[in-house]
Amino acid sequence: MDLTKRDVREIIMSKYFNKKTVPYWIIAVLVVLIGIILAVQFKANSSSQTTTATVKTSSSSEKASSSTKKYVAGKDYKITYSNTNLIDKATIQKGLKASYLTDINDLMNTDQQTGSNMAKIEVYYNKDKNLLVENLFKNGHSTNEATTAVVYDLKNNQIVNSGVNYDTNYQPSWLVYTWEKLTK
């Protein structure tokens, strides 16, 4: 039996893979590859998303579980860093975390028993004593004075004073951080 080149090609190439179906096979392979690439990118993007709040709650849902509430920076609250040449943001955040002032849901929560109910937080940096003085303003307070002050020692990584009145030795000098609730 004598086989020609044409006979060999016909045996090797089935009826599903011939000159007429090659463009379809190429398109199918490209679609599969694009699908794989998109799936990998979607998985990478969804795993690297931050926990920044993204949904504004309405006042009727204010009594919902704090784990389900999400707030939007710039819409529900505003954070401002200033004088960052004196102290970096990470150091400020370390002091806020030690004082339990980094949970936005808690700060926004108006329930007196479970939430902080904050209207504003101002953090001052005392460069001479290496302290953060955190002035806390509760919603509904009648004056422009802080309702609570927390003094955090950056050198020893500890809260050295907390309460309404604090020693004037801790008098702040530079405003470095402000958190403000924008929604009522």
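This is a short walk through the structure, one selection at a time. Keep in mind as you go that the model is predicted.

**The whole chain**

Start with everything in view and colour by secondary structure. You should find four helices and six strands. Follow the chain from the N terminus and the elements come in the order α-α-β-α-α-β-β-β-β-β. The protein has 184 residues, and 28% of them count as buried. Switch on a surface if you like: about 12900 Å² is exposed, with carbon and sulfur atoms supplying 55% of it. Now think about contacts between residues with a separation of 6 or more: 49% of these come from residues 24 or more positions apart.

**Helix H2 and its patch**

Next, select residues 22-47, which make up helix H2. Show the side chains of Ile26, Val29, Leu30, Val32, Leu33, Ile34, Ile36, Leu38 and Val40. Together they make a nonpolar surface patch of about 840 Å². Pick out Val29 as a member of that patch. How exposed is Val29? Its relative accessible area is 47%, so Val29 is partly exposed.

**Strands E1, E2 and E6**

Move on to residues 174-181, strand E6, and add residues 77-81, strand E1. These two strands pair in the antiparallel sense, with five bridges between them. Zoom in on Lys78, whose bridge partner in E6 is Glu180.

Keep E6 on screen and bring in strand E2, residues 118-126. E2 and E6 also run antiparallel, joined by six bridges. To see one of the pairings, select Val123 and look across to Tyr177, its bridge partner in E6.

**Two salt bridges**

How many salt bridges does a search of the whole structure find? The search finds two.

For one of them, go back to Lys78 and Glu180 and show their side chains: they meet in a salt bridge, 3.7 Å from N to O. This pair links distant parts of the chain, as Lys78 in strand E1 and Glu180 in strand E6 are 102 residues apart. So these two residues are bridge partners in the strand pairing and also meet through their side chains. Lys78 is partly exposed, with a relative accessible area of 37%, and Glu180 is partly exposed too, at 26%.

For the other, select Lys120 and Glu122, whose side chains meet at 3.3 Å, N to O. Is Glu122 buried or exposed? Glu122 is buried, since its relative accessible area is 14%, which is under the 20% cut-off. Lys120, at 25%, is partly exposed.

**Strands E3, E4 and E5**

Now select residues 148-153, strand E4. This strand is mostly covered, with five of its six residues buried. Add strand E3, residues 131-138, and you will see E3 and E4 pairing in the antiparallel sense over six bridges. One of the pairings to look for is Leu131 with Asp153 in E4.

Then add strand E5, residues 158-163, which runs antiparallel to E4 and is joined to it by five bridges. Here, Val150 stands opposite Ser162 in E5. What do E4 and E5 form? They form a hairpin, with four residues between the two strands. Click on Asn157 in the turn: its phi is positive, about 50°.

**Helix H3**

For the last stop, select residues 89-98, helix H3, and show Ile92, Gly95 and Leu96, which are buried. Look down the axis of H3: the buried residues fall within an arc of 100°, so they line one face of the helix. Which elements help cover them? The cover includes E1, E2, E3, E4 and E6. Turn to the face away from the buried side and you meet the exposed residues Ala90 and Lys97.

Before leaving H3, click on Lys89, which is found in this helix. Lys89 is partly exposed, with a relative accessible area of 46%. Setting aside neighbours within four places in sequence, Lys89 is in contact with Tyr81 and Thr84. Draw a distance from its C-alpha atom to that of Tyr177 and you get 8.7 Å, although Lys89 and Tyr177 are 88 residues apart along the chain. Finally, step past the end of H3 to Tyr100, which has a positive phi, near 60°.

How values were computed. Residues are numbered from 1 along each chain as its sequence is written. This is a predicted model: local features need pLDDT of at least 70, side-chain atom pairs count only at pLDDT 80 or more; totals for chains, interfaces and linings use all residues. Side-chain values use heavy atoms; hydrogens and water are left out. Patches are made of residues with over 30% relative accessible area and no salt bridge: like charges are joined within 9 Å, nonpolar side chains (Val, Leu, Ile, Met, Phe, Trp, Tyr) within 5 Å. Accessible areas come from the Shrake-Rupley method with a 1.4 Å probe; for residues, only the protein chains shown count as cover. A salt bridge is a side-chain nitrogen of Lys or Arg within 4 Å of a carboxyl oxygen of Asp or Glu. Buried means under 20% relative accessible area, exposed over 50%, partly exposed in between (1.4 Å probe, protein chains only). Two strands pair if DSSP finds at least two bridges between them. Contact means heavy atoms within 4.5 Å. The arc is that of the directions from the helix axis to the C-beta atoms.
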